[in-house]
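Q: I would like a close look at a single part of this model, followed outward into its surroundings.

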Amino acid sequence: MTEKPTRHYDRPPISLVYENLPGFGVDLYVGGREGASDVPLLRKNGISTVLNCAVNLDFNYVAAPDEISHDSRVGYGPAPIRYYKLGIVDGPGNPDTMLLAGYYQLLGALEQVLPEKPSYPMRERGNVLVNCRAGRSRSVVLAALLLHLHIPREFPTLAAAIDHIRVKRELRPDEWHETPKPMLIAAAEKAAGWVRVVEEERAQAAERNKVRA
């Protein structure tokens with residue numbers, strides 16, 4: 001029996017999924033390509049940082065390149081948006097560690113402080129958008145992984161964080177079997193376990209250093 005294709009619904013280009021993220025004081029958004037490519041929309045919502053986790057989607061936020069490029073080279077230079085890229089496949093084919101890398105990249109984007117140098121003109125710390133092509137699968141699971149691990153009292157399980165984002169992102173129940181894709185949820189569960197091991201080791205190392213001091 002052939003499976004019916006999942007109906008795709010209209011939804012906002014970006015969705016606010018968590019306000020005032022503890023420890024950072026910024027809001028977390030999830031969205032698709034339309035929202036991530038709309039710089040006026042990003043600025044209107046106070047978004048200064050974008051993490052694009054789709055391997056099959058790219059953006060060039062550079063409005064005024066440092067120099068005129070010749071025909072074989074794309075423009076480069078500072079942009080009005082701080083941009084991070086993680087290339088996840090929306091389905092099977094990702095190394096097990098991709099979601100682990102994504103978690104630490106997202107956390108790093110939140111924690112990173114840029115030096116006050118002319119070569120770092122975009123130092124603003126604003127809200128954060130996690131995007132993929134449609135804002136239904138890859139971005140949802142990565143944002144959920146952050147909420148689960150960063151606010152475990154509120155989101156004691158990854159499933160609880162995913163359900164929260166499904167509601168905020170206006171994902172309907174008949175989409176849930178693929179929003180996010182099951183193999184991405186499984187990879188995120190593995191990543192959560194690895195993060196706990198890493199953070200426990202970091203805490204123990206910090207305690208040992210404290211004792212030595």
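In which loop is the place of S137? Please describe that residue carefully, and then the elements around it.

A: In this predicted model, S137 sits in the loop that runs between strand 5 and helix 4. Strand 5 covers residues 127-131 and helix 4 covers residues 138-150. S137 counts as buried because its relative accessibility is 3%, and the cut-off for that class is under 20%. Once the neighbours within four places in sequence are set aside, the contacts of S137 are with D90, C132, E178, P180, K181 and L184. A further separation can be given for N94, which lies 43 residues from S137 along the chain, with 14 Å between the two C-alpha atoms.

Two of the contacts of S137, P180 and L184, lead on to other features. P180 is placed in the loop between helix 5, residues 158-168, and helix 6, and the peptide bond that joins T179 to P180 is cis, with an omega near 5°. The loop between helix 5 and helix 6 also holds E170, a residue other than glycine whose phi is positive, near 60°. E170 has a relative accessible area of 38% and is therefore partly exposed, whereas S137 is buried.

L184, for its part, is one of the buried residues of helix 6, along with A187, A188, A191, A192 and V195. An α-helix has 3.6 residues a turn, so residues three or four places apart point the same way. The buried residues of helix 6 pack against strand 4, helix 3, helix 4 and helix 5. As for its length, helix 6 has 31 residues, which at 1.5 Å a residue should span 45 Å, and the 46 Å between its end C-alpha atoms agrees with that expectation.

Helix 3, one of the elements against which helix 6 packs, has a buried set of its own, made up of M98, L99, L100, G102, Y103, L106, L107, A109 and L110. The cover over these residues includes strand 3 (47-54), strand 4 (82-88), strand 5, helix 4 and helix 6, and the loop that holds S137 joins two of those elements, strand 5 and helix 4. The 14 residues of helix 3, numbered 98-111, should span 20 Å at 1.5 Å a residue, and the end C-alpha atoms are 20 Å apart, in agreement.

Elsewhere in the chain, another positive phi in a residue other than glycine, near 55°, belongs to N20. N20 lies in the loop between strand 1 (14-18) and strand 2 (28-31), and with 51% relative accessibility N20 counts as exposed.

The setting for these details is a protein chain with six helices and five strands, which follow one another as β-β-α-α-β-β-α-β-α-α-α. Its radius of gyration is 18 Å, which agrees with the value near 17 Å for a compact globule of 213 residues, and the C-alpha trace spans about 60 × 55 × 30 Å along its principal axes. Of the 213 residues, 43% count as buried. Among contacts between residues at least 6 apart in sequence, 71% join residues at least 24 apart. The chain exposes about 11700 Å², of which carbon and sulfur atoms supply 55%.

Definitions and conventions:
Residues are numbered from 1 along each chain as its sequence is written. This is a predicted model: local features need pLDDT of at least 70, side-chain atom pairs count only at pLDDT 80 or more; totals for chains, interfaces and linings use all residues. Side-chain values use heavy atoms; hydrogens and water are left out. Helices (H or I, at least four residues) and strands (E, at least two) are DSSP runs, numbered from the N terminus. The radius of gyration is taken over C-alpha atoms; the globule rule is 2.2 Å times the number of residues to the power 0.38. Buried means under 20% relative accessible area, exposed over 50%, partly exposed in between (1.4 Å probe, protein chains only). Contact means heavy atoms within 4.5 Å. Accessible areas come from the Shrake-Rupley method with a 1.4 Å probe; for residues, only the protein chains shown count as cover. The expected span of a helix is 1.5 Å times one less than its number of residues.
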